[in-house]
Every structure is written in C-alpha cells, then in structure tokens.
Amino acid sequence: MVSAMLNEIKYNTSLGISAIFSNSDFSKFSSLISQASEELKSRANKAGQFLNWVDLPKHQLARLDEIYSMVSKFKSQTSAKYLTVLGIGGSKHTVENMLSLNGLNIGGHSVIFYSDVDSASFNRYLYLIGNDVTSSNYMVASKSGSTFETKDGFLRLKKMLENAYLEKGLSQEEAIKKAASHFIAVTDKNSEKSELRRMSDSEGWIGNLYIHDDVGGRFSALDDHALFTLAYAGMSKSDMEAMLKSAQSVSDLSLSNDFSSNLAYAEAAFWASARISGIYSSVHQYLGSMFDYTVNWHSQMQNESVKDTSKQIAKVPDAMHHSSEAHFNPENTFAFALTVPSDIGESKENAEGYIGALSKSYSNAGAFFCEYLDTREMSLTPESAGAMVQLRAFATVYQEIIMSLYNSVSLPEVLSSVLQPHVEVYKKNLKPQADGKDVVVAGRVTK
C-alpha cells in the first residue's frame with residue numbers, strides 16, 4: 001500500500017519491508033508501469049532470458065526436504081567441523097550475504113570461504129581450518145565447473161585431502177574415495193556442460209545441487225548454493241520456508257501493474273529518475289553489521305547489471321564521517337538511499353534518532369528514500385531477508401526497462417542488465433598464448 005503525505009511517498013508491505021521516498025517525482029514514470037511490467041512478464045522464466053530467478057523461490061520450496069537431507073548426510077559421512085565454500089562472485093557474495101542477513105555463521109564458526117589465487121591467502125585459509133584439510137567439507141560452486149579461481153583452490157585442496165588420507169594409511173583407491181566424501185558440487189545439471197558435474201558423478205560425490213539455468217550469479221541468492229549453506233549453518237526448515245514464500249510474494253507484487261503496491265518498480269524509478277535528471281553519482285548505504293556482506297553483493301549487482309561504478313554502496317556508521325563531507329557538500333549532487341533494520345532492542349531509541357538525523361540530512365541534500373527491514377535478535381526476519389534480495393533483483397532489471405521506455409529506445413533481445421559480456425576480456429587473457437604456454441593452470445604447485 002502506498003500513501004502520499006506532503007513531500008513523502010510511503011510504501012508498506014506485509015513482508016517485513018517498507019520504504020519512504022522524499023523529493024521524488026514519480027509522475028513521469030508511474031504511467032509506464034503497465035508497459036514495463038508487461039515487458040518483464042513476457043520475458044520472465046523464458047529460456048535464454050536469464051530471468052528464471054523470478055519464480056525460483058516457489059520451485060525451491062519443493063526441494064527443502066531434499067536439501068536438508070543432503071546436509072544431514074554430508075555432515076555425518078565425514079564429521080568435519082567446517083564447510084568451506086569454494087566459489088567467486090555470485091557463488092560467494094550471495095551466500096555470505098544470506099548467512100549474515102539471517103544471523104548465521106557470525107564469527108565464521110561453521111562456514112569458511114576461499115576464493116583467492118595467491119599463496120598468502122591460501123596459507124591464511126589453511127590456518128583458519130587448523131592446517132587440517134580433513135577438518136572441512138567443501139562445496140564447489142561453478143556453473144561450468146571450469147572457473148579458474150574456483151578450480152585452482154579446489155584441485156589443490158582435493159590433492160591435499162588425498163595425501164592426508166594416504167598418510168593415515170589408506171590405499172590410493174581408499175584415499176581418493178575418502179577425499180571425495182568431503183565434496184559436494186553446485187554446478188550445471190547437464191554433465192556435458194560441466195566438467196565439475198562429470199567429476200562429481202564419476203567419483204560419487206554426495207547429492208545433486210544445481211546452479212539453475214538462466215539464473216545469473218548475482219541473482220542467485222535463493223539458488224542451491226545459498227540454501228544448502230544456510231541449512232548447513234543451522235537455519236531451520238520453517239524459517240527457510242518463510243523466507244522463500246516471502247521472496248515469491250515479492251515476485252508476484254513486482255510483476256503487478258499497480259504502482260501503489262510495486263515497491264521494486266518505485267525503487268527502480270527512483271534510480272532511473274536520477275539518471276535521467278543528469279545525476280550520475282548516487283549513494284546506497286546500509287546501517288548495521290548484518291549488512292557487511294550485503295555491500296559486496298549489491299556492489300556486484302551494480303557493477304554487472306547497471307554496468308558503472310558511480311554508485312557508492314557502503315555500510316554505516318563506519319562510512320558516515322569519511323563520506324558525509326562529499327555527500328553533503330552543496331557543490332555535489334547526489335541521489336541517496338538508506339536501508340535500515342527496524343530496531344526492537346536496547347539501542348532502539350538511539351538507532352531511531354540516528355536514522356532520523358541521517359534521513360533529514362539526506363532529504364535536505366536531494367532525492368532520498370529510506371528502506372526499513374523487520375528484525376529479530378541478531379538478524380532480519382526470514383520474511384524480510386527473502387523480500388529484500390528479491391526486491392533488489394527486480395529493481396535492478398526494472399531500471400533498464402524504465403530508462404529504455406522513457407527514452408523510447410528499443411530493448412535488446414536479452415536485457416543488458418542480466419548479461420555480462422565484458423568479463424570475457426580478462427578471461428581471454430588467462431587462456432593459452434600464441435606460444436602455447438598456459439598463463440594459469442588450475443591446481444598448479446610451484447616447484
């Protein structure tokens with residue numbers, strides 16, 4: 001439900017998320033919502049459109065028993081202390097974000113991430129697991145299974161596991177089999193498309209986890225790698241069910257042509273309006289430590305989908321003092337957004353006062369919206385966590401659609417916001433050179 005009051009527009013949902021917009025004129029965009037929502041609906045869940053995340057939550061609801069059963073079996077067959085997530089980009093940032101939003105793995109006591117390629121980082125990771133590779137299980141997340149950064153660490157750890165079991169007196173065959181019991185793959189379902197799937201099948205790795213077709217990494221917060229890790233870290237099945245149902249409700253609302261209920265469209269219109277008005281510098285800040293990893297994930301979505309680095313995404317209050325000098329300098333023009341937890345604890349009065357002061361400062365400086373998320377103890381509620389990540393996906397895609405419609409520019413066959421062709425620039429340079437020498441070799445150990 002949306003209501004207007006003086007210079008404010010308020011959105012309230014029953015999904016643990018609400019927003020207040022200030023200094024925002026949506027009149028030139030509200031009339032486009034029917035066309036924009038129909039455009040998105042015509043593409044959603046169609047092969048090759050990379051929008052299968054739209055209805056992913058309701059499909060994932062049917063898999064919860066399977067996922068929780070795999071977690072239980074995986075833990076029991078090795079008794080490992082940790083789960084190591086091997087993945088980059090969306091295979092990492094989405095998982096880190098979802099763990100933190102749901103108040104899990106605080107302090108890294110159960111899940112550890114490794115995504116680097118240098119020796120110092122590898123040694124620091126080994127230190128975290130007590131220099132004992134058998135103390136961890138490993139989730140390897142890569143759609144193709146050939147992502148260099150992921151494959152490099154994975155092959156090195158796999159060899160170290162086999163050697164560790166050889167040193168315990170197992171035969172070569174037994175060591176390979178025992179090492180395999182520590183791994184689970186999240187990759188393409190089709191073994192012809194993924195060498196990781198082929199290895200998982202041939203070595204008898206546990207379970208079947210997928211990176212679903214047409215779900216890009218930054219849009220995969222509710223795909224298998226995230227749900228499996230949440231379950232592994234202790235999220236209850238009932239909470240996961242609530243999170244997925246809320247996310248699906250956001251999908252349904254976000255495809256609506258009712259401007260008064262479509263918060264995703266309103267947020268997209270806010271950012272599109274800034275661009276169209278010539279404001280290229282913008283700010284989205286998150287209040288509180290639960291959003292530490294949200295910043296990384298949102299930055300990835302901004303860079304890969306909007307395809308520029310002009311939006312500053314940061315956590316406050318850490319970033320407040322060193323950024324406010326520029327933000328509130330009258331010579332600079334910004335559009336601002338602030339995402340905050342609805343405080344229900346002992347800091348409630350000060351937190352609300354702080355948020356009020358920031359909101360007043362931002363509103364006086366330019367276009368602004370404040371987004372509120374329901375909380376409990378150390379986290380968001382499952383409903384608000386699911387709603388927020390799905391809302392970001394829709395708002396990101398809608399921004400492209402709105403700007404194209406407003407400027408009467410034809411949309412491409414596949415939306416630019418869901419593709420990332422330019423990443424191939426660096427990937428190309430990792431491949432063998434003209435002299436036939438490999439620039440990088442996954443798992444290579446320098447002699």
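## Pockets and aromatic rings: worked exercises

About 700 Å³ of space lies in the second largest pocket. Of the 29 residues lining this second largest pocket, Ser100, Ile106, Ser289, Met290 and Met378 are the closest to its centre.

Before we start, a word on the model: it is predicted, so to speak, by computation, and local features need pLDDT of at least 70, side-chain atom pairs count only at pLDDT 80 or more, and totals for chains, interfaces and linings use all residues. Residues are numbered from 1 along each chain as its sequence is written, and side-chain values use heavy atoms, with hydrogens and water left out.### Exercise 1: the second largest pocket

Task: find which elements supply at least two residues each of the lining of the second largest pocket.

Solution. Begin with the term: a pocket is an open set of points on a 1 Å grid over the protein atoms alone where a 1.4 Å probe fits, with protein on both sides within 12 Å along at least five of seven lines, and lining residues have an atom within 4 Å of a point. Its volume is the space filled by probe spheres set on the points, which are joined across faces, edges and corners. Next, go through the elements: α5, β5 (111–114) and α13 each supply at least two residues of this lining. Helices (H or I, at least four residues) and strands (E, at least two) are DSSP runs, numbered from the N terminus.

### Exercise 2: the largest pocket

Task: give the volume of the largest pocket and list the residues nearest its centre.

Solution. The volume comes to about 1,300 Å³. Then look at the lining of 47 residues, where Ser144, Thr147, Gln420, Val423 and Lys427 lie nearest the centre. Finally, pick out the helices: α5 (90–101), α7 (148–167), α13 (292–306) and α17 (424–430) each supply at least two residues of the lining.

### Exercise 3: two residues in helices

Task: decide whether His93 is buried or exposed, and then place Met199 in its helix.

Solution. His93 sits in helix α5. With 18% relative accessibility, His93 counts as buried, the term for under 20% relative accessible area (exposed is over 50%, partly exposed in between; 1.4 Å probe, protein chains only). Leaving aside neighbours within four places in sequence, His93 is in contact (heavy atoms within 4.5 Å) with Asn296, Trp297 and Gln300.

Now turn to Met199, which belongs to helix α9 (residues 195–203). Its relative accessible area is 24%, making Met199 partly exposed. With neighbours within four places in sequence again set aside, Met199 is in contact with Phe154, Lys158 and Trp205. From Met199 to Ala185 there are 14 residues in sequence and 9.1 Å in space, C-alpha to C-alpha.

### Exercise 4: following the rings

Task: trace the aromatic pairs that Phe21 forms with Tyr11 and with Phe369.

Solution. Rings of Phe, Tyr and Trp (its six-membered ring) pair if their centres lie within 6.5 Å; planes under 30 degrees apart are stacked, over 60 edge-to-face and the rest tilted. The count by this rule is 29 aromatic pairs. In one of them, Tyr11 and Phe21 meet edge-to-face, at 5.8 Å centre to centre with 70 degrees between the planes. Tyr11 lies in strand β2 (residues 8–12) and Phe21 in strand β3 (residues 17–22), so this pair ties together parts that are 10 residues apart in sequence. Tyr11 is buried at 1% relative accessibility, and Phe21 is buried with a relative accessible area of 1%.

Step on to the tilted pair of Phe21 and Phe369, with 4.9 Å centre to centre and 35 degrees between the planes. Because Phe21 is in strand β3 and Phe369 in strand β12 (residues 368–373), the pair ties together parts that are 348 residues apart in sequence. Both Phe21 and Phe369 are buried. To finish, place these rings in their aromatic cluster, which is formed by Tyr11, Phe21, Phe26, Phe259, Tyr265, Phe270, Trp271, Phe369 and Tyr398.
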